[in-house]
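Welcome, and thanks for opening the viewer. Below is a short guided tour: each stop suggests a selection and then tells you what is there.

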Amino acid sequence: MENETINSPGYDIPDDIKNNIAVTTIDRLYNWGRRSSVWPLMFGLACCAIEMIAAQTARYDMSRFGMEVMRPTPRQADMLLVSGTVTKKMLPSIVRLYNQMPEPKYVVAMGACASSGGPFKEGYNVVAGIDKFLPVDVYIPGCPPTPQALIAGLIKLQEKIDKQSIRTAPWYSKMKDPNYVPMPILGPDLIDVRRNAEIRDAAATKESA
Amino acid sequence: MFGKGILKGLSVTWKRFWDTYLEDISWMLRGKKRYYTEEGIKHRSSADTKGIFTIQYPEEQLILPEEARYLPFLVYNVDAEGKKEVLCTSCGICAKVCPPQCIWIVRSNDPVTGRPVPEPTEFYIDGDICMNCGFCAEYCPFDAIKMDHDFAIASYGRNVLNMEKLLKPSSYYEGIRPQNFAREEEARKAKEAAKAAKAEAAASAAPTA
Amino acid sequence: MAAPLTLTVNLVARFPNSVSADARPGYSGFIVTKESLTEVATAIRDEFGYDLLTAVIAVDYINENKMEVVYHAYKTTGGPGLVFKVQVERVDPIEVPSLVEIWAGADFQEREAWDLHGIKFIGHPDLRRILMWEGFDGHPLRKDWKEAFYEEDTKPFKSRWPDGQFYMAESKNPFKDNINFPKDFDPDTLIVDKEEDLYSSLERHSTKDDDGLKTDHIVVNMGPHHPSTHGVLRVALTLDGETIVGLKPVMGYLHRNHDKIGERNTYLQIIPYTDRLDYFNSMSNNFGYAITVEKLMKIAVAERAEYIRVIMAELTRIQNHLVFAGTLLNDLGAMYTPSIYAFEERELILDIFEEVSGARMMCNYFRFGGVVRDIPDHVMQKIKDLVFERLPAKTDEMERFLNENEILVARLKGVHVLSAEDAVRYSVTGPVLRAAGVPYDIRRADPYSVYDRFDFDVAVRYNCDMLDNYLIRFDEIRQSIRILEQAIKQIPQGPINSQKPAYQVRVPAGEAYGRVESPKGELGFYIISNGKPNPWRYHVRPASFVNMTALEKMCLGTKIADFIALLGMLDIVMGELDR
């Protein structure tokens, strides 16, 4: 973060200490630390994963944003970059990974497929967007988004982090696992267990084929 | 000798490490700036590039080639009175050719005669389904829909683009694709000239007939 | 291509009662009766010498109330293929004898036909679903099976124009999502499949060692989230200590219904979808699809376009193999540096793709009869700079950097991958087959496009070990550079498309199987047209998927640490594997 932005807490600082001491708010410092070390989960799904790897390599170099530390285990990751088509068969694993990530955690839907199912939306094995199950923070359109577009999206995520406050952060509240998502089940089709009653009713009134 | 191969390999990384600084010095001696200049970016993405390969997005940006494509947009001309003239005639070819079927067009009808009028009432592109294939722009007979270069369009929600978001002036199009624009303008002028010549020939032929 | 005349006479003459020529207009090959399929197939392999079974494809002819299984067999010595088919009544249970005993490479493809078409292969050792999960409702590639977001049989959909009021597909579905359940389904009564079939298919036993100590074999599941399975592949392993004693790949985690969507698309609309098969090599995918449709349409390709196609396909091969080396080294523990070096060259090649086609990865560059736009002069200059100067130098540098590294050599040398016999039996194609000593390259064995005009060697190595598998990729890069040099010198001026640009093409009825040598092996497309704007059957024969058949054979008896390297050797890509 530039000196000017971190050093301007929003109230007057006496002139004589202005250039000697950095005065900032806790939120600023806290968010500056978090936004500069967003560790993504090393997790690639499809075509977009290749552009994600490309963004990590020399030309785009995501480490300039403190995002080069790809963690293979969700326990150490801050950000789930859903990079590709989410299939029904894969979804339970993704939800499990998400649940295993510690708070604060962010989900970025990279590319058309993760945002809404994309070109494969009509397919029988494709989930129409990861946002049906996980709370998505940033949507990056494109098929696939180029590494620059991905970085632009991650800057968007940093802006979002900047706006959060330590006082209202849900992960310090008493609530246990505020973002816990129950695991979907694979039956005759994908079953979101939160919607069991609704599915039963819809199946009962369904016209038989 | 055991370890010779490893040393040989390390010499490659060692050379690569120094390449950056040697290049920097040679650019400095020539009095040129290697970073944050178009010349520098061009050189770093050419076949002669040596040493550091990073284009530091967002401070620097890769120079997008003219044909680069992201999401589509609709072109409008501004006429002498400052009125928008949308080039789209809602013929529906883009909606028919679109592989994931993400283009939706409402053709307008003249309220008096009930016959279709050229301009579309509504035009939607589901930006989160679009696969950036470029077919719509390629097969549009009126050069009314084109592929955009703007990739930094990540957002905090789904991207369904309506007319308002899709319309961009032809000057913008000329800016991102000068060669294509010039070619199309030329073709259009030739067509108009041929049309005028034909009309003139018909007019001059009429009295004698 | 039709089989040569002599063969036609031979096969029918050899089995007059059970084989007949396929006489449908536009079709070729032979129809074999179900009862004698095994016998005829054995003769095709042993007497006629078609040792490589490349494709097993199921087709649903719902109007004739028939199911058909199409087999494509080739000779590893080259030449055109032999197509034979078996037809069965479309009444469940649909049963066809399995050919796994004759060609082990039929294994996964038969499982796919069971999964997606519901054809039971009698005698198959492990007939489970492969792309979908056990318990899934129905066989989705059957023509009467409809998915949750089903709108119409064919594109373009009528709701888009002229009254295209935007809606999301979810709103029209009774379950408000991309899901579908049988009538009166109750999720609370569901018994979830615990994958007993998968684990029982793994060999599982316990042994006692000499001291009388009882040791159990343990089951380890690797993936689908695992950094070195190259995507979302899952492998279930049984281990005896560190030795692999049982292995089953589980796939379908990226099954995006390519075939089903393809059958709904028009011919042109499929091109951008093929980009997303093997997403490293979209140009090769385009190539395979384009030559298949051109075969059906019986059109010639513009001369200049042929050369452009070859240039693009070979550039693709170079970047694929460079990235292969980088990721393999990643898997072996040389984290990042080799792959970052490889990606640097890849970026420069992708720049060329972006300039000619508009996109880095999903090029969508080929059209029927040619390509979409010409190579501008300044891009041609860039290609020349790369091909004549940078790429040879950088390949040398990569070799200097890695190939003599003692750790790498110690890891790779002498670890057996596949013998030539096994590779052919398991229908393995591509560099893995050539590293086993079989010089089979479709560019030579059954030339397509203008490959017969270039002077190049088929890279081949004979040690069957991992080091050879690794080095052959560098040999192929060198050969690709050789081809590129010739292509750049020979490229003529002229139009880049023999056809007028049209968003709908007329494809006469018939069938065609086109194949190209993609960097990963044989990439085949099988298309059946019934004269309509959309294909009746569209099937991709992916190299990665069929090569995976041999994974179990490759890995049994090796150490778990070598398994990662062996998987890397196959150079799989999930988009193509699962489609």
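## Stop 1: a sheet in chain B

Start by selecting strand β4 of chain B, residues 116-126, which runs antiparallel to β6(B) and is joined to β6(B) by two bridges. Keep in mind as you go that this is a predicted model. At one place along this pairing, pick D126(B): the residue standing opposite is V160(B), in β6(B).

Now widen the selection to the open sheet. It holds three strands of chain B, ordered β3-β4-β6, with antiparallel pairing. Its edges are β3, residues 103-109, and β6, residues 160-161, each of which pairs on one side only.

## Stop 2: G92(B)

Next, select G92(B) and show its surroundings. This glycine sits in the loop of chain B that connects β2 (84-86) with α3 (93-97). Is G92(B) buried or exposed? Its relative accessible area is 1%, so G92(B) counts as buried.

Which residues touch G92(B), once neighbours within four places in sequence are set aside? The contacts are I105(B) and, from the other chain, W161(C). I105(B) lies within the residue range 103-109 of the edge strand β3, so you can keep the sheet from the previous stop displayed.

For a distance check, add Y172(B) to the selection. G92(B) and Y172(B) are 80 residues apart in sequence, and their C-alpha atoms are 24 Å apart in space.

## Stop 3: all of chain B

Zoom out and colour chain B by secondary structure. You should find seven helices and seven strands, and following the sequence gives the pattern α-α-β-β-α-β-β-α-β-β-α-β-α-α. Chain B is more spread out than a compact globule, because its radius of gyration is 26 Å, well over the 17 Å that the globule rule gives for 209 residues. Along the principal axes, its C-alpha trace spans about 95 × 45 × 35 Å.

A surface view adds a few numbers. Of the 209 residues in chain B, 45% count as buried. The chain exposes about 11300 Å², with 59% of that supplied by carbon and sulfur atoms. If you colour by charge, look for 28 positive and 29 negative charges, whose mean positions are 7 Å apart. For a contact map, take pairs at least 6 apart in sequence: 58% of those contacts in chain B join residues at least 24 apart.

## Stop 4: all of chain C

Switch the selection to chain C, where the secondary structure comes to 19 helices and 17 strands. How does its radius of gyration sit with the value for a compact globule, and what is that value? For 579 residues the expectation is near 25 Å, and chain C has 24 Å, which agrees. Its C-alpha atoms fill a box of roughly 75 × 65 × 60 Å along the principal axes.

Of the 579 residues in chain C, 65% count as buried. The accessible surface is about 19500 Å², and 52% of it belongs to carbon and sulfur atoms. Charge colouring shows 67 positive and 86 negative side chains, with the centres of the two sets 5 Å apart. Among contacts in chain C with a separation of 6 or more, 68% are between residues 24 or more positions apart.

## Stop 5: T316(C)

Finish by selecting T316(C), in helix α8 of chain C, residues 303-332. T316(C) counts as buried because its relative accessibility is 1%. Show its contacts beyond four places in sequence, and you will see F280(C), N281(C), M283(C), S284(C) and F353(C).

Conventions. Residues are numbered from 1 along each chain as its sequence is written. Chains are lettered from A and ligands numbered from 1 in the order in which they are written. This is a predicted model: local features need pLDDT of at least 70, side-chain atom pairs count only at pLDDT 80 or more; totals for chains, interfaces and linings use all residues. Side-chain values use heavy atoms; hydrogens and water are left out. Helices (H or I, at least four residues) and strands (E, at least two) are DSSP runs, numbered from the N terminus. The radius of gyration is taken over C-alpha atoms; the globule rule is 2.2 Å times the number of residues to the power 0.38. Buried means under 20% relative accessible area, exposed over 50%, partly exposed in between (1.4 Å probe, protein chains only). Contact means heavy atoms within 4.5 Å. Accessible areas come from the Shrake-Rupley method with a 1.4 Å probe; for residues, only the protein chains shown count as cover. Lys and Arg count as positive and Asp and Glu as negative; His and the chain ends are not counted. The place of a charge is taken as NZ of Lys, CZ of Arg, CG of Asp or CD of Glu. Two strands pair if DSSP finds at least two bridges between them.
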